[in-house]
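Visitor: Could you take me through one part of this protein up close, and then show me how it sits in the rest? I'd like the core and whatever lies around it.

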Amino acid sequence: MSNATDTSVSVEGRRRRLLFRLRRATRILEQRERLQDVGLGLLAAAVALALPASEPFRTGNEALLRLSGETTLTQGLMYPLGRGAMEVAPGTSPEEAMRLLAGVAFGVAIAFTLAFLRNLGFRRTATVPAAFAAFMTPFAWLGGTSPVDYAPGMLGASLILWSLFHQEQTSRRGYHWRAILYFGVAYMLHMEIALLVPAVAWAVSRHPKYRKEAQINFMAVVVVLTMSIAIGLSGSSESARIEHLAQRALAGADDYGFRALGGWALALAVGLPSVLFGVYQLLFARRDEVAKRAPAWIVPWCLVALAPVIAGSPNSAPIAPYLVPAGALGIADWLNRRGTAAREMRFGGALVILQVLATIAALQWATP
């Protein structure tokens, strides 16, 4: 009897030691991958800062104009951040300050995108090529190397996606308030993020612990987010602020309607090719019965990009920075369905090379 008891105790002790070692190895691996995400983001930021766009975007530069002394309406964080950069580094020009913010936001957006893809369980052979294929599209690259707020918009969208896919919470409804807080930050970085209110509310309402309160949670998040936006627009020059939001969120809100669809088709095909491929994989690609699809709220996340296409002008491109990290998710999902890590690396590497070549060709074509 005593020998049997000693044996069971010994087996239980070995199990605990093995479990402890497994958990420690998992933590070390996670820390290593986090450091890799940060390192890749810093590398991307350094490259973006070292290679400023020769033909930068002209839209979304209200903060730059105001920093340069022009009287123009700005909203959000870009102007105070640019002013802060100029105060910290005396002698920095407004354009240099805004390029610095764009380059840093570009790198941090890649780091957050890699983080939420990793948290979803994708292998590194899928996450790294997926992220770089999406962020090397012309819109994304020019956004990261131009003195505009497109890269901060990608950062805000990546931050929201990281929050929505990270469903753990340390306090009751912590998931809800974290999503609301990160949405607020993202909106202050790029006003077009306002179009994501329904998608964020739907994602929060689908949290596994609060499914019975889904409708109430959806309406609560919508009310909180819309009221926050409305409060930010109120006060002096309220009508001008509302018009500014509409123009920034709807690509100028020029009421072109369906007349501009041809121009939009060309602009998006050239500006976001691999991103649109990833969005197609998320929303429409066929899967095996056992393959898991993206959550339902990703549909309004992607489809709201049609709003500026219908209401605005392609002359106001670039649009939809929130599509870039979503496109990376779709590409990672496509690579994951290739089956093996070797095939993921082969297909992903080929896609990155093709996208880089296409971006170089597009930039040379656009440069007079």
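Guide: Here is a walk that starts in the core and works outward through a few loops to the whole chain.

Bear in mind that this is a predicted model. Let's begin with the largest nonpolar core, which has 101 residues. Within that core, F183, W301 and Y322 touch the most other members. The biggest contribution comes from helix α4, residues 94-119, which supplies 12 residues. As background, nonpolar side chains in soluble globular proteins tend to be buried together.

W301 is a good place to stop and look around. Setting aside neighbours within four places in sequence, W301 is in contact with A157, I160, L161 and L164, and also with L196, A199 and V200. Two further contacts of W301 are Y322 and A326. So much for the tryptophan; Y322, you'll recall, is another of the residues that touch the most core members.

Follow the chain back a little from Y322 and you get to the loop between α15 (306-311) and α16 (323-336), where P318 has its place. The peptide bond that joins A317 and P318 is cis, with omega at about 15°. That loop also holds A320, a residue with a positive phi of about 55° even though it isn't a glycine. A320 counts as buried, because its relative accessibility is 1% and the cut-off for buried is under 20%.

There's another backbone oddity of this kind at A251, again not a glycine, where phi is positive and near 50°. Look for A251 in the loop between α11 (238-249) and α12 (261-271). With a relative accessibility of 4%, A251 is buried too.

Now for L189, which belongs to helix α8, residues 174-189. L189 is buried, at 11% relative accessible area. Its partners, leaving out neighbours within four places in sequence, are L77, M78 and L81 on one stretch of numbering and D149, P152, L155 and G156 on another. Take L81 from that list: 108 residues separate L189 and L81 along the chain, yet their C-alpha atoms are 9.9 Å apart.

P52 makes a handy contrast, being partly exposed at 45% relative accessibility. You'll find P52 in the loop between α1 (2-50) and α2 (62-67). Not counting residues up to four places away in sequence, P52 touches R99 and T145. R99 falls within the residue range of α4, the helix that gives the core its largest share. The C-alpha atoms of P52 and P147 are separated by 9.1 Å, with the two positions 95 residues apart along the chain.

Step back and the pairings above fit a wider pattern. Among contacts between residues at least 6 apart in sequence, 75% join residues at least 24 apart. The protein is built from 17 helices and 0 strands. Its radius of gyration is 23 Å, close to the 21 Å that the globule rule gives for 368 residues, so the protein is as compact as a globular protein of that length. The C-alpha atoms fill a box of roughly 90 × 50 × 45 Å along the principal axes.

As for the surface, 48% of the 368 residues count as buried, and the protein exposes about 18500 Å², with carbon and sulfur atoms supplying 63% of that area. Finally, the charges: there are 35 positive and 23 negative ones, and their mean positions lie 13 Å apart.

Key
Residues are numbered from 1 along each chain as its sequence is written. This is a predicted model: local features need pLDDT of at least 70, side-chain atom pairs count only at pLDDT 80 or more; totals for chains, interfaces and linings use all residues. Side-chain values use heavy atoms; hydrogens and water are left out. Helices (H or I, at least four residues) and strands (E, at least two) are DSSP runs, numbered from the N terminus. The radius of gyration is taken over C-alpha atoms; the globule rule is 2.2 Å times the number of residues to the power 0.38. Buried means under 20% relative accessible area, exposed over 50%, partly exposed in between (1.4 Å probe, protein chains only). Contact means heavy atoms within 4.5 Å. Accessible areas come from the Shrake-Rupley method with a 1.4 Å probe; for residues, only the protein chains shown count as cover. Lys and Arg count as positive and Asp and Glu as negative; His and the chain ends are not counted. The place of a charge is taken as NZ of Lys, CZ of Arg, CG of Asp or CD of Glu. A nonpolar core is a set of buried Ala, Val, Leu, Ile, Met, Phe, Trp, Tyr and Cys residues joined through side-chain atoms within 4.5 Å.
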